[in-house]
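These are my notebook entries on pockets and salt bridges. I set down each question and then what I looked up.

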Amino acid sequence: MAQTKSTSAAAAQPSYIPTREELVLEARKLVPVLRERAQATDELRTLPDETVADLKAAGIHKIFTPRRYGGFEMDWGAHVDVSRELGRGCGSTSWVSSVVMSHTWILGRFPVRAQEEFWPDRPDAIIATAFAGGGTMEPVDGGFVLNGQWRFASGVDHANCAVVGGRYNIKNRTSEGRLRYRMAHLLPEDYEIVDTWHAEGLKGTGSKDILVKDRFVPEYRTVRSEELAGKEPPGAKLHESYIYRTELGQLFYTLLCGPMLGATRGGLEHYLEQTRERTGQMFGESIVEQVPVQIRVAESFEELRVADLITDNLMQFLHEAGSSGKRIRGIDRLRIRREPAMAAKLCLSAITRVANMMGVTGQTGNNAVQRHYRDMRTISTHGGLNWDTGMMPTGKLLLGVPTGDPLTDVDLEKP
């Protein structure tokens, strides 16, 4: 089990850094209990306190927390391996472990003063983010006044703070005509949680709204979006790892990969467990002896295997590029958008196939296969996995049409 030194007013290095394999093993040990809690998690519409405590005891919340503040500061891709395991038991838990608990990586890019003020007394912090919906940041002396309601703040019930993005200087647009945005680091007293999360899938993620009314946030707890997302965000100087100084956009959507792989694997595993014992409802025939069932199970297995390969290869590429300081070329930027969408399509196909083979049995609300199917279907709707936007730029390049992204169009090579 991962262990760390406690910190209070002063930053402290962790006393022990687990390997990626050790964290994956800790995640694997949690799968049985996550299975048991999965239905209750859906009904609760947020992670149970016991599950959050288990994740913290395993050290999973510290994968991307800076070592300076007691975290593990691991290489990119560790979040995928861990959440892929957790997803076998509960898709919502997997989502929170990857999409939410990885947000410590974002705060590690914030201005130095913001980090030094926050981290030392909160080494076990969970950080929610919310960018949909939105609001405004009105410049005032010493900072900004925020107003707005932000949507889909997964894990906010268990968060120690939140990061939101707001428009500022609305009349001051970029040269391309886009509105300027800043990210703001909010403490719990800065916002109200609005219970709006009533979803078909990922029910237990507690992805509620954040409401902010006339709240002053000092400037040092904000940062321009393009600065935060760039190669040299202000807080990167505090930390050694490349993950804080690699373009945020090149890494961000991989937070979705582990949950989609895990939910699909969990659904397939539950299907196999149930089907091995199933017989026809009318004539009692063995389901496992049916050739179409055998073929379709193998097809779903292969789709998931290929999705794993695509994802693992992409994670290795991102790690090697980041750790070596290699420039991510335009052609690689297309790959980073395209491959998660491809993996998601394969996962959705795999889980849909086995869910459809369950018949009416699989349509009951508490059937695990159906739950994993709903979770994967919900994951697949995320904008970062959108099929058209993931594929279109590559198609444009192949056809000789500018993609519209200057950083991509400077490269004339084709995949």
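What volume does the largest pocket have? I found about 1600 Å³. The model is predicted, so I note that local features need pLDDT of at least 70 and side-chain atom pairs count only at pLDDT 80 or more, while totals for chains, interfaces and linings use all residues. Residues are numbered from 1 along each chain as its sequence is written, and side-chain values use heavy atoms, without hydrogens and water.

Entry on terms. A pocket is an open set of points on a 1 Å grid over the protein atoms alone, where a 1.4 Å probe fits, with protein on both sides within 12 Å along at least five of seven lines; lining residues have an atom within 4 Å of a point. A volume is the space filled by probe spheres set on the points.

Entry on the largest pocket. I counted 45 lining residues, and F131, M183, L248, F252 and Y253 lie nearest the centre. The largest share of this lining, 4 residues, comes from α7; helices here are DSSP runs (H or I) of at least four residues. By class, I recorded 22 nonpolar, 16 polar and 7 charged residues in the lining.

Entry on the second largest pocket. I noted about 320 Å³ of space. This pocket is lined by 17 residues, with R333, R337, P393, D405 and T408 closest to its centre. Helix α13 gives the most to this lining, with 6 residues.

How many salt bridges does the structure hold? I found 30, each being a side-chain nitrogen of Lys or Arg within 4 Å of a carboxyl oxygen of Asp or Glu.

Entry on D405 and R333. Their side chains meet in a salt bridge at 3.5 Å, N to O. The pair links distant parts of the chain, 72 residues apart: D405 is in the loop between α13 and α14, and R333 is in helix α11. I looked up accessibility as well: R333 is buried (under 20% relative accessible area, 1.4 Å probe, protein chains only) at 13%. D405 is partly exposed (from 20% to 50%) at 26%.

Entry on D81 and R84. The closest N and O atoms of this salt bridge are 2.7 Å apart. Why are D81 and R84 separated by about one helical turn? They are 3 residues apart in helix α3. D81 is buried at 18%, and R84 is buried at 11%. Both belong to a network of salt bridges with R20, R265, D308 and D312.

Conventions
Helix = DSSP H or I, 4+ residues; strand = E, 2+ residues; numbered from the N terminus. Nonpolar A, V, L, I, M, F, W, Y, C, P; charged D, E, K, R; others polar.
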